Amino acid sequence: MNNFCDMTATNLRHMIGRKDISPVELVEASIERIEMVDSSLNAFVTKNYEAARKAAKAAEKNVLDGELLGLLHGLPIGIKDLEATAGLRTTLGSKLYADHVPTADLGVVANVRKAGGIILGKTNTPEFGAGANTRNLVFGATGNPFDPEMSCAGSSGGSAVSLATGMVPLATGSDYGGSLRTPASFCGVVGLKPTYGRVSRYGLVAFASSLDQVGPFTSSVADAAELLQVMAGADPRDSTCLKVPVPDYIAALSTPIKGLRVGLVKECFDQAGLDPQVKASVLAAADQLQALGAELVDVSCPRFNDGIATYYVIAPSEASANLARYDGVKYGYRSEDAASLAAMTARSRAEGFGSEVQRRILIGTYALSAGYVDAYYKKAQQVRTLIRRDFDTAFQSVDVLLTPTAPGTAFRNGAHADDPLAMYLADLLTIPANLAGLPAISVPCGFDSGGLPIGVQLIGNVLEESRLLQAAHQYEQAADVMKSRPEAALVPA
């Protein structure tokens, strides 16, 4: 096999422009890699081979005619199975939507197509994205590329795995509590959650609407800048999408970070649950930034660790309201032989929703119920405001914040099946950025003694993705962490 699958998207884009590789060759190389490794990992749940081959031939003709469509011309990409793709099955990882084929693209997917990207398939996700582990009742679990028996986290685990194993050079994910960044940390890739509203959410499953944001998965920070350049921008179909200009993210990468003030969040490094190897690796990343000219500043965000409790009131409450539409009447799964409308609705939901989604619906319904909404939901929203104020205070003295992405490295698949609270803690350090609507990126910063990846998280102020990408790129180039990367588990099919 050639080594196309192990190159960055940026390098491949330049090779396509120089005609050193054709889109047809690249798509065939990706298909060959998927067929070789994915039987043991289960990253792709729907494959789009024939349409991708057709698109690659059209892209190759464009190249020969000197007509490149955009930054992604001829590049294969994996799309998370929560994101609508016109004419291509989008299941949401749920029995309710097992055979659903959308008629319109997610706003981001439409942008990807316009920029010349070639959709190779849909990647695995837990049902409706609910879960810190990529597992669902329809397609099963996705394994970690460094050890298929270990978790790749969730909910965008399928996309992270497809990147880490070279099945595709680019992939999309969505993040409403760490769903991009935690899988990126567990799988040794780059995951970026943009500012809430920076990227269109049109066509994304409605689950936790005030938290969720679509973003890129890539194997380098430069690739993340290019994919975000394509994704970002106003969309009249999404009322939450911001009507602000999109800066040149790519140009910002080469700017030195001398004088950049990097805040180390005290509450993240002092907690008992932080793996010592993770702490050491992340602090080494901070030292590397300092060596590049950044100034390290200790900062406090007193309510940072309150984020997880706040999140698990707000997110289930929003999910409870959003998922009420799935009643078996107009669309989705419908239970058979029900004696009444009420019985049909109850049975359709009981049979169609998995246990994790049911758990979140029940929590959310309780938190929103009469007599409890003030004690739980309203109080959670008040704490959310305080968390955002802590960030505002911190950004008065620093430019970016630095934390571990996750408290530990990948856990064994199914290890927390009977203890969901333990699994929820994987997103302890990523959730606050969602509650505050801030951009955040996870970049590989090392490996533990078992060879599993560790990620460092950088959090920026609103709409300051350029600064995040600048700092992350400068760190990535200097540290060259992936040079010492253990061989991923590329097991032949």
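Asp390 is in contact with Cys301, Pro302 and Arg303, once its neighbours within four places in sequence are left aside. One of these partners has a polar link as well: the side chains of Asp390 and Arg303 are joined by a polar contact of 2.8 Å. Keep in mind as you explore that this is a predicted model. To find Asp390 on the structure, look in helix α14, which covers residues 374–394. Is Asp390 buried or exposed? Its relative accessibility is 9%, so Asp390 counts as buried, because buried means under 20% relative accessible area.

Now let us turn to the rings. How many aromatic pairs does the structure hold? There are 15 aromatic pairs. One of them brings together Tyr176 and Phe207, whose ring centres lie 5.3 Å apart with the planes at 35°, so this pair is tilted. Tyr176 and Phe207 link distant parts of the chain, being 31 residues apart. Tyr176 sits in the loop between β8 (170–175) and α6 (181–187), while Phe207 belongs to the loop between β9 (190–193) and β10 (213–218). Another aromatic pair, formed by Phe391 and Phe395, is stacked, with 6.5 Å from centre to centre and 20° between the planes.

Here is how much of each of these ring residues is accessible:

| Residue | Relative accessible area | Class |
|---|---|---|
| Tyr176 | 2% | buried |
| Phe207 | 1% | buried |
| Phe391 | 1% | buried |
| Phe395 | 9% | buried |

Tyr176 and Phe207 also have further aromatic company: together with Tyr311, Tyr312 and Tyr424 they form one aromatic cluster.

Next comes the nonpolar interior. In soluble globular proteins, nonpolar side chains tend to be buried together. In this model, the largest nonpolar core has 123 residues. Which residues have the most contacts inside this core? They are Phe128, Phe391, Leu402 and Leu469, so Phe391, which we met in the stacked pair, turns up here again. Helix α7 (residues 221–231) gives the most to this core, contributing eight residues.

Leu402 is a good residue to zoom in on. Not counting residues up to four places away in sequence, Leu402 touches Val262, Gly263, Leu264, Val265, Phe269, Val282, Ala286, Leu289, Val456, Gln457 and Leu458. Apart from the largest core lies another one, made of 26 residues, including Ile31, Ala43, Ala160 and Val161.

Terms used:
Residues numbered from 1 in each chain as written. Predicted model: local features only at pLDDT ≥ 70, side-chain atom pairs only at ≥ 80, totals over all residues. Heavy atoms only, no water. Helix = DSSP H or I, 4+ residues; strand = E, 2+ residues; numbered from the N terminus. Buried < 20%, exposed > 50% of the residue type's maximum accessible area, 1.4 Å probe, protein only. Polar contact = N/O pair within 3.5 Å; in protein donor to acceptor, adjacent residues only side chain to side chain. Contact = heavy atoms within 4.5 Å. Phe/Tyr/Trp six-rings, centres within 6.5 Å; stacked < 30°, edge-to-face > 60°. Core = buried A, V, L, I, M, F, W, Y, C linked by side-chain atoms within 4.5 Å.
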